[in-house]
Amino acid sequence: MVKETVRVYARVKPLGRRQQAGIYSVDDDEKPLSSLEITVPRDLADGFINNKRESYRFKFQKIFDQEAKQDVVFDSIARPVAECVLAGYNGTIFAYGQTGSGKTFTITGGAERYSDRGIIPRTLSYIFDQLQKDSSKVYTTHVSYLEIYNECGYDLLDPRHEASRLEDLPKVTIMEDSDQNIHLKNLSLQQATNEEEALNLLFLGDTNRMIAETPMNQASTRSHCIFTIHISSKEPGSATIRRSKLHLVDLAGSERVAKTGVGGHLLTEAKYINLSLHYLEQVIIALAEKNRSHIPYRNSMMTSVLRDSLGGNCMTTMIATLSIDKRNIDESISTCRFAQRVALIKNEAVLNEEIDPRLMIVQLQKEIQELKDELALVTGKQRTSELSQEELLQLDELIETFLKDNDPDSPLDVGADMRKIKYCFIHMKELMNHSKISDKKLQSQHISEEKDTNKEAGEEELKKLKELLWQRDNEINILVNMLKKEKKKAQDALFQLKAASAGSIERDCSETVNLEESQSPSSCFILKEAKDFNSSLHRLPFLSRETGGRMSLGCQEAFEVFKQEHADSITIEDNKQLLKQRFAEAKYLGEKLNEVRNKINHLKGEITQRHIQRAALAVSSPSEELNMLDPVEEKLRKQIEEEKKSYKTMFNRLRGLKVEIEHLQLLMEKVKMKLRKDFEVWWSEEAINLQEKPEMVISPNTTTVYPQFIKSSQHLSTNSFSETTRISPDEDPAGKNNSTSSSNPTLKTRTPPSSSTSVPLTGDSQADADILAFIKARQNILQKKGLGNK
């Protein structure tokens, strides 16, 4: 049992460009604790008589300032807890602070750079690395991801999360047994055999989280999330199992509604968040009081789930995230006060060991049976009850193995029960009688089978001879027919020689006529095929546009412009360059590893040759010098050791590069999904605005484009603009007639009152609508940049 208080750390979030820093100082000289001092200057507007406190001082285990990196935070906070979890103790790490103070960045990490990984992915990497190194035990790892949104629990790893509404998903409910242990219904446990599977589950859960934009944070998490890692270990042949779990909690941020001014759905979420954090503070206050008999764990779902983490069987660590901004000084002081109260809680962590119930049941049953047999043997009292069906089956298996065993000294151990001994003798007697009867049957069957085989062999030989005779008759008939045909051919040849001269002239004339007659339809057919091919070539662009990809041409071009203007494009390019560098480095390390391996094999071959030479010298001319150590061999061995060290270093680096490349690929996939979703939202908004524009009128047969659209469309290529206009087959192909309305009655132009130019378009084409939407979207982008009228 380990008794210790909750370890409390603080982390200061870096300030933004437009934020003004408050006055604070960090003192790391005090051992073993660090102190944080926050100064609140007096406001002259409150008057000269002002008794407000100016300086606040708080103590933490360690304080991470604005320049602290993610790996330093993990090594100081999460690594000790992960080591305890691997040893069989429960652990919890939770982040607390106001909204926008960096809780999610600390726990989960950022999506832009590989170095921004948070505590959860780094802990998963560390745990699976340690499990791979320890081969003395058999480990099993499971993962669960719980979300508490508006005091309702949901499973973030549920595959139905994306296809269903939040109200239709099954809710996670709390159930309590007689020992007051908490069980969560409808929360799935997903097995993860390696780091890649665990990171994929984490990525799936983060995608399903509830996120909204608030005045304090553009991507604020509106729910409490608990990512739990369950580990069970067992030594081979042992009956003891160790079970431990690690809770990694990302709490939703508290906020003052009066300051943020949110309303509607965000206001409801803020109420539930503040209420659950209030119940958490009540539990903390009750645990800090010595004579308190009742702890209100059941007030909220979050405190019920974290019952063991708060004053129970767990090693708990808290991270207080602070935003040292002048506007948020009061919230930061409140967070520090909460952390000081949490530091007073004492937990009693116990090693979670239990005996495997299946092995225990087998051992107890065996011991009971041995005691019964010994008692019957000592007292001489024989049991009269019949053997059960299971006991009879066990005896049959023992007799079968005894008879199959070729060892003459192998025993047949059935215990001291006379019933079993008698059954064994009777069963063996039956087997002997059955074997004798079966031998006689086999002999009679063998004799009858030999007779049958001899008879069948004679019949088959007679059948073969008949088939051979029939085959020879057929061959003779065929040869006779061939002779008759050859004789007839010779007679026909003599007749044809006589009429050769006259027939050749007639055939030449007929062939010439037939050739002239057959030439005209073939040429017509070739011309027809060429015409069809020509027409198919003209129809090809329209067919490809109608049955092409998922996006039309205008939508694709809009997506390319949107992607260039999006903020995440720089992140994608940086990740691509970094991924390319890592691939090149991995390739270079692989080549170096092959070179080092070949060099080691070459050195080993030289040592072997050296041994052979010294053995030959010792046989031919023995001397004392040959018994001494060979300096050349020692030098070669040192080179081998150095090459092995460099090989091990490069191999570890290559394995780290593999993990980094896989994480970079996950980050790029996540950023691309976000870019795609943002474009779909933006495209739908622009399409709605275009339909609601009062100046533009689209009829089934007429589409009008106003001058402001024409000005913004100059950024388009000539190919995309030419697809918006159609030329009727009746028009002049040389472009001499400029009037389209006179040549084609279905194409009309409508001039607005404030404009004198228009572009005729067909309204029934999807490509035309896409071009209109893209022109409008392009104009809005240029107006936002201040280029709309240029």
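Let's start with Thr108: it is buried, with a relative accessible area of 13%. The cut-off for buried is under 20%, so at 13% Thr108 falls on the buried side. Please keep in mind, as I go through this, that we are looking at a predicted model.

Where does Thr108 sit? Thr108 is in the loop between α2, residues 103-107, and α3. If we set aside its neighbours within four places in sequence, Thr108 is in contact with Arg117, Gly118, Ile120, Pro121, Asp206 and Arg209. Hold on to Ile120 and Pro121, please, as they will come back in a moment.

Now a step back to the whole chain. The protein chain has 790 residues, and 34% of them count as buried. There are 19 helices and 19 strands. Taking contacts with a separation of 6 or more, 72% are between residues 24 or more positions apart.

Back to α3, then, and its two helix partners. With α4, residues 195-207, α3 packs at an angle of about 160 degrees, and the two axes are 10 Å apart. That angle makes α3 roughly antiparallel to α4. From α3, the contact uses Ile120, Pro121, Leu124, Ser125 and Phe128, and from α4 it uses Glu195, Ala198, Leu199 and Leu202. Sorted by class, the contact of α3 with α4 has seven nonpolar residues, one polar and one charged. The crossing of these two is right-handed. And here are the two residues I asked you to remember: Ile120 and Pro121 of α3 take part in the contact with α4, and both are also in contact with Thr108.

The other partner is α1, residues 70-87. Its axis and that of α3, residues 119-133, come within 10 Å and cross at roughly 45 degrees. So α1 and α3 are oblique to each other. Here, too, we have a right-handed crossing, with α1 passing α3. On the α1 side you will find Gln70, Asp71, Val73, Phe74, Ala78, Arg79, Ala82, Glu83 and Leu86, and they meet Ile119, Arg122, Thr123, Tyr126, Ile127, Gln130 and Leu131 of α3. By class, that contact of α1 with α3 has nine nonpolar, three polar and four charged residues.

Let's move along the chain to another helix pair, α6 and α8. The axes of α6, residues 265-288, and α8 come within 9 Å, crossing at roughly 40 degrees. These two helices are therefore oblique to each other. Which way does α6 cross α8, left-handed or right-handed? The crossing of α6 and α8 is left-handed. Leu280, Glu281, Ile284 and Ile285 of α6 make the contact with Phe338, Arg341 and Val342 of α8. In that contact of α6 with α8, five residues are nonpolar, none are polar and two are charged.

Ile284 gives us a nice way into the next spot, which is Ile345. You can find Ile345 in the loop between α8, residues 329-342, and β18, residues 346-349. Ile345 is buried, with a relative accessible area of 1%. Not counting residues up to four places away in sequence, Ile345 touches Glu4, Thr5, Val6, Ile284, Leu287 and Gly311.

From Ile345 we can hop to Thr316. Along the chain, Ile345 and Thr316 are 29 residues apart, and their C-alpha atoms are separated by 9.6 Å. Thr316 is in strand β17, which covers residues 315-322. At 2% relative accessibility, Thr316 counts as buried. Its side chain reaches the backbone oxygen of Ser309 at 2.5 Å. Beyond its neighbours within four places in sequence, Thr316 is in contact with Val6, Arg7, Thr92, Phe94, Ser309 and Asn347. Notice Val6 on that list for Thr316, because Val6 is touched by Ile345 as well.

One last stop, Arg327, in the loop between β17 and α8. Is Arg327 buried or exposed? Arg327 is exposed, with a relative accessible area of 56%. As for its surroundings, the C-alpha atoms of Arg327 and Gly22 are separated by 8.5 Å, although these residues are 305 apart along the chain.

That's my tour, and thanks for listening!

Terms used
Residues are numbered from 1 along each chain as its sequence is written. This is a predicted model: local features need pLDDT of at least 70, side-chain atom pairs count only at pLDDT 80 or more; totals for chains, interfaces and linings use all residues. Side-chain values use heavy atoms; hydrogens and water are left out. Helices (H or I, at least four residues) and strands (E, at least two) are DSSP runs, numbered from the N terminus. Buried means under 20% relative accessible area, exposed over 50%, partly exposed in between (1.4 Å probe, protein chains only). A polar contact is a pair of N or O atoms within 3.5 Å; within protein, one must be able to donate a hydrogen and the other to accept it, and residues adjacent in sequence count only if both atoms are side-chain atoms. Contact means heavy atoms within 4.5 Å. Axes are lines fitted to C-alpha atoms, for helices over the stretch in contact, and angles run from 0 to 180 degrees between N-to-C directions. Angles under 35 degrees count as roughly parallel, over 145 as roughly antiparallel, 65 to 115 as roughly perpendicular and the rest as oblique. A crossing is left-handed if the near helix is turned anticlockwise from the far one by less than a right angle, and right-handed if clockwise. Ala, Val, Leu, Ile, Met, Phe, Trp, Tyr, Cys and Pro count as nonpolar, Asp, Glu, Lys and Arg as charged, and the others, Gly among them, as polar.
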